[in-house]
Amino acid sequence: MKTKNWKWLLVLPLLWSALETNAQEEGPINIKAEARVGWQYDQVDGVQNAGNSGFKGRYLNLIIDGQISEKFNYAYRQRLNSSQKDNTFFDATDWLWLNFQATKNWGISAGKQVVMIGGFEYDRNPTDIYFASEYWNNIDCFQFGASISYTGNEGNHKITAQACQSPFRKADPDHNLYAYNLYWWMNEDWYSGMHSLNASEYRHGEYIFYVTLGNQFQWGNATLQVDYMDRFTNIDNLGENFSLIGEFSYLIADRVNLFARATYDKCSADFTPMADLCVMPGTDLTRVGGGIEYYPLGGRGNRSIRLHAACSYTFGTNPNPVGTALNKQTFIDFGLTWRLNVLNAIKQVFKPNKKND
C-alpha cells in the first residue's frame, strides 16, 4: 500500500470523532448506504437483449438525514451509480431538502423533493422493485420545489400541498414548467392510503391532470397493494389514459417473502399527442410475474441483507421506441441487496479491543 493511502486510516478516526461530536451537539445524524447487484436475463420475442443481460450493479445510494435542531431536520439521497445527464451534480440527487417543523402539526419543506404523486409503486424505494409499470419507468419524479404539510394529532394522517418543477420540464426548454400537487397519506391499522390530485405542465400553460388512488391492505403476514392512476387533459378523456398496479405478498417465518405482481398501462391512441410523456398514445401493455425474497437476518426486524429471485412476462402494445416494457418480453432477475449504517460501521472498525486493554 502506498504511503498516501495510509493517511486515510489516520483521518477516519478524526472523521468519526467529528461526526459523533456533531450528533451530540445538534442532534442525531444518520449516514447510510445501500446497494443492489445481481444477474439478469432479458429477451424480447425470443431474442436476448445482451446489453440488459448478465451480471449488473443496479443501485448504489448514499443516504444522509438527521436533526439540525428541535425544529429543523433534513434528508439527502445521492445515486452514486447514476451519470449526470446535464453535467450537473444534482441530476443524480434524488432528494435534498430542509424541513422546518413549526408546530406538532405544521411543517414547511424546500429543496429537491419527491414529486408528491400517490401510489405505493410510485413511492417505493427503487431497490425494492424488480419490474414495474411503464409509467414508473419513465416518470422524472425528483424535482426542486417547496411544500407545506399538516399532520394529524395522532400522526396517522398527513396532507401535503406542493409546488415544484414539472416532471415534463425538459420537453419545453424555452419555458419554466411547474407542477402543483395535493397529497394525502393515511394509516389506519389494516388499511393505508396514498392519494393525490396533480396538475403538471407539459407545455407552457397546458396541463395534464392526475387522480391517483394508492391502497394497501394488511392482514397479519399478508399484504395487498392496489394502485390506480388516471391521467387526463380534460374531463372528456377520463379513463383513456391510466395505470393499474397490483401486488400480493406473504411473509413466511419472518424471513421469506413471496409475491405476485401485475401492472397494466393503457393510453388511447386518440389521447392528446405528447401530453403524457410517460405512457405513449396507443399503449395497451400488461406485465405479470412474481418472485421470492429471503432475509437471513429477519424480514421485519432487520432487512439489512436480502436475496431475491424474480421473473416477469410482458405482452401487449407499446409504441414508445425507447420503452422499458415491450411486447413478448421475458425478464429474469437474481440478486443481492444490502443496507449499511455507515456511522455504525466506522464505529465498529475503531472500537477499542478490550482484550488488549
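The following dialogue concerns a predicted model of a protein.

Student: How many helices and strands are there in the protein?

Tutor: The protein has 357 residues, and buried residues make up 43% of them. Among contacts between residues at least 6 apart in sequence, 54% join residues at least 24 apart. The count of elements in the protein is four helices and 17 strands.

Student: Is Phe 331 buried or exposed?

Tutor: Phe 331 lies in strand S17, which covers residues 329-341. Buried means under 20% relative accessible area. Phe 331 has a relative accessibility of 6%, and therefore it counts as buried.

Student: What distance separates the C-alpha atoms of Phe 331 and Ser 312?

Tutor: Leaving aside residues up to four places away in sequence, Phe 331 touches several residues, including Gln 40, Tyr 130, Arg 287 and Ser 312. Phe 331 and Ser 312 are 19 residues apart along the chain, and their C-alpha atoms are separated by 5.3 Å.

Student: Which residues touch the most other members of the largest nonpolar core?

Tutor: Tyr 135 offers an example of the contacts made here: not counting residues up to four places away in sequence, its partners include Ile 117, Tyr 122, Tyr 210 and Met 229. Apart from the largest core lies another core of six residues, with Ile 29, Ile 64, Tyr 76 and Leu 343 among them. The largest nonpolar core has 21 residues, and those touching the most other members are Ile 117, Tyr 122, Tyr 135, Ile 139, Phe 168 and Tyr 210.

Student: Which element gives the most to the lining of the second largest pocket?

Tutor: The second largest pocket has a volume of about 770 Å³. Helix H2 and strands S11, S12, S13 and S14 each supply at least two residues of its lining. With four residues, the element that gives the most to this lining is S13.

Student: How many of the residues lining the second largest pocket are charged?

Tutor: The second largest pocket is lined by 26 residues, and those nearest its centre are Arg 124, Asp 128, Gln 216, Gln 225 and Arg 303. The lining divides into eight nonpolar residues, eight polar residues and a charged group of 10.

Student: Which elements give two or more residues to the lining of the largest cavity?

Tutor: A search of the whole structure finds one cavity of 30 Å³ or more, and the largest cavity has a volume of about 70 Å³. It is lined by 13 residues, of which Gly 118, Glu 121, Tyr 122, Met 229 and Ile 245 are the closest to its centre. The elements that give two or more residues to this lining are H2, S12 and S13.

Student: How do the residues of the lining of the largest cavity divide, and what is the count of each kind?

Tutor: The classes are nonpolar, polar and charged. The respective counts for the lining of the largest cavity are six, five and two.

Student: Why is the pair of Phe 90 and Phe 144 described as it is?

Tutor: A pair of aromatic rings is described by the distance of the centres and the angle of the planes. There are 17 aromatic pairs. The ring centres of Phe 90 and Phe 144 are 5.5 Å apart and their planes stand at 80°, so this pair is edge-to-face.

Student: How many residues apart in sequence are the parts that this pair ties together?

Tutor: Phe 90 is partly exposed, at 36% relative accessible area, and Phe 144 is partly exposed, at 33%. Phe 90 lies in the loop between strand S4 and strand S5, whereas Phe 144 lies in strand S7, so the pair ties together parts whose separation in sequence is 54 residues.

Conventions: Residues are numbered from 1 along each chain as its sequence is written. This is a predicted model: local features need pLDDT of at least 70, side-chain atom pairs count only at pLDDT 80 or more; totals for chains, interfaces and linings use all residues. Side-chain values use heavy atoms; hydrogens and water are left out. Buried means under 20% relative accessible area, exposed over 50%, partly exposed in between (1.4 Å probe, protein chains only). Contact means heavy atoms within 4.5 Å. A nonpolar core is a set of buried Ala, Val, Leu, Ile, Met, Phe, Trp, Tyr and Cys residues joined through side-chain atoms within 4.5 Å. On a 1 Å grid over the protein atoms alone, a cavity is a set of points where a 1.4 Å probe fits but cannot get out, and a pocket is an open set with protein on both sides within 12 Å along at least five of seven lines; lining residues have an atom within 4 Å of a point. Grid points are joined across faces, edges and corners, and a volume is the space filled by probe spheres set on the points. Ala, Val, Leu, Ile, Met, Phe, Trp, Tyr, Cys and Pro count as nonpolar, Asp, Glu, Lys and Arg as charged, and the others, Gly among them, as polar. Rings of Phe, Tyr and Trp (its six-membered ring) pair if their centres lie within 6.5 Å; planes under 30 degrees apart count as stacked, over 60 as edge-to-face and the rest as tilted.
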